[in-house]
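Me: I'm new to reading protein structures. Could you walk me through this one with some questions and answers?

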Amino acid sequence: MRFAAALTAGAVVAVATLFPGMALAAEAHELPGQTMSLWWALPFAGLLLSIATGPLLFHHVWEHHYGKITFFWAALAVVPLAVAFGMPSATDAVLHALLTEYMSFIILLFALFTISGGILVAGNIHGTPLVNAGLLLIGAMLASVIGTTGASMILIRPILRANDNRPFNAHVVIFFIFLVSNIGGSLTPLGDPPLFVGFLRGVDFFWTTTNLYQETLFVGGLVLAVFLAMDIILHRREAGAPKIKDPTPDTKVRIRGLPNVPLLAGVIGAILLSATWKPGVAFSVQGVSLELQNLVRDAIILALAFLSLGVSQKSHRQANNFHWEPIAEVAKLFAGIFICIVPVIAILRAGPDGALAPLVSLVSSPTGEPNDLAYFWMTGALSSFLDNAPTYLVFFELAGGDPQHLMTTLASTLAAISASAVFMGANTYIGNAPNFMVYAIARHRGVKMPGFFGYMAWSGAVLIPIFLIAGFLFFG
């Protein structure tokens, strides 16, 4: 027991340096973060370790009971909050996290997953290194237009089919996550949730386009070059290996399910509507204020998702091997993450009076000026293990929270926060929601994907050196 307690404490301390996720979830409640110790991070640390080790150490148990395991850690976060601070504070904290953040988060993912699942890129092309690089480039560019989730869901199945006869194909999916599910979404607020959060806070729509294109081209170009070199080497090695019969022979490529394309445009329109239409009307649900524009946005997005189920041909979804397990897995795991992170955010928001005060002080120089390189790495480190949108918001606020000041005088600081929140979401499977969805789809299609730590070995070897160069080049 003493060893287990020490191990748990070590895990908590290690993970506690990687936290400020769901910031909005801490705004409405008043948990006394200044009096809370790092032991309140135990549920989040436990859930994170379960996600990391479950598929590796107890695969069959995890596969059938991950929902129950997630519920256990969520309950371990909620019950002590109710005992220590009273049921009203605990209820308000959890409801605020679920109603103002998680609900919109999962509705958007559900809609993009459902609508894109009705778009079939029929036919098949052979996954040569140049073809794969071309598909990754197209996906990365598409990510800033229809979002990393939309681009990932539309293109992951075609790229899996293109490479399903190759003995080495897991690396294609890994680089797909790097480029399409993360880095490619850095040029517009529609591309990735953290940039959309900045847009809602007053950052101009095209600010990211004009201020992040150099960083995006540099990082994305290097990652794509590494992939091309690696794929060429592996493709040559495959030439001497026994041939695998292609389960999806090459045929003419055609796009089916076109009625879903305007539905994707409708999702984008609903998001823009909520950002521009401010009627000043709000409804209270158990003390949690829900603004009308956000409710309308979510209702429209949900309606478009169900409309997609009606207008899509079942044969298209069958050809995509479409099923609900990937989005169900994401929904359950992220519900637990959104709940378990609430007490940790309360600690962080206590600033210099909280247990995470050293973390807050790292992003400022001795003179009080923002340290852009520290912002880049701290935002990125946290975005690697948490949903990157609230992480972005935490550091947006730490940098002052004034969009006009951040877009001008502190433009380099805002660029550092924005770039790292998007780029470094690729460092783990849970850094950005599309990562886990792509992983789940690839695994269900028979790709031997690496586990949690195996994937981090890939991101550590490929991405971290590139991020080191980019950090010193652009923010050092």
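What follows is a chat about helices and salt bridges in this predicted model.

Me: What distance separates the end C-alpha atoms of helix α9, and what span should its 17 residues give?
Reply: Let's start with the expected span. Helix α9 covers residues 260-276, and at 1.5 Å a residue its 17 residues should span 24 Å. That agrees with the model, where the end C-alpha atoms are 25 Å apart.

Me: Which residues of α9 are buried, and what arc do they cover around the axis?
Reply: The buried ones are Asn260, Leu263, Leu264, Val267, Ile268, Ala270, Ile271, Ser274 and Ala275. An α-helix has 3.6 residues a turn, so residues three or four places apart point the same way. The buried residues of α9 sit on the same side of the helix, because they cover an arc of only 150°.

Me: Which residues are exposed on the other side of α9?
Reply: Here we want relative accessible area over 50%, the cut-off for exposed. On that other side of α9, the exposed residues are Pro262 and Thr276.

Me: At what angle do α12 and α13 pack, and how do the residues of their contact divide into nonpolar, polar and charged?
Reply: Helix α12 (residues 325-340) and helix α13 (residues 342-349) have axes 5 Å apart and pack at an angle of about 35°. Phe338, Ile339 and Cys340 of α12 meet Val342, Pro343 and Val344 of α13. Sorting the residues of this contact gives no charged, no polar and six nonpolar.

Me: How many salt bridges are there, and which residue pairs with aspartate 231?
Reply: The count comes to three salt bridges. In one of them, aspartate 231 has a partner 65 residues apart in sequence: aspartate 231 lies in helix α8, the partner in the loop between α5 and α6, so the pair ties those parts together. Both residues are buried. At 2.9 Å from N to O, the partner is arginine 166.

Me: Is arginine 297 buried or exposed?
Reply: Arginine 297 forms a salt bridge with aspartate 298, at 3.1 Å from N to O. Aspartate 298 has a relative accessible area of 6%, so it is buried. Arginine 297 is at 9%, and because buried means under 20%, arginine 297 counts as buried.

Me: Which residue meets arginine 443 in a salt bridge?
Reply: Arginine 443 is in helix α19, and its partner is in helix α12, 114 residues apart. Arginine 443 is partly exposed, at 25% relative accessible area, whereas the partner counts as buried at 2%. The N to O distance is 3.5 Å, and the partner is glutamate 329.

Methods
Residues are numbered from 1 along each chain as its sequence is written. This is a predicted model: local features need pLDDT of at least 70, side-chain atom pairs count only at pLDDT 80 or more; totals for chains, interfaces and linings use all residues. Side-chain values use heavy atoms; hydrogens and water are left out. Helices (H or I, at least four residues) and strands (E, at least two) are DSSP runs, numbered from the N terminus. The expected span of a helix is 1.5 Å times one less than its number of residues. Buried means under 20% relative accessible area, exposed over 50%, partly exposed in between (1.4 Å probe, protein chains only). The arc is that of the directions from the helix axis to the C-beta atoms. Axes are lines fitted to C-alpha atoms, for helices over the stretch in contact, and angles run from 0 to 180 degrees between N-to-C directions. Contact means heavy atoms within 4.5 Å. Ala, Val, Leu, Ile, Met, Phe, Trp, Tyr, Cys and Pro count as nonpolar, Asp, Glu, Lys and Arg as charged, and the others, Gly among them, as polar. A salt bridge is a side-chain nitrogen of Lys or Arg within 4 Å of a carboxyl oxygen of Asp or Glu.
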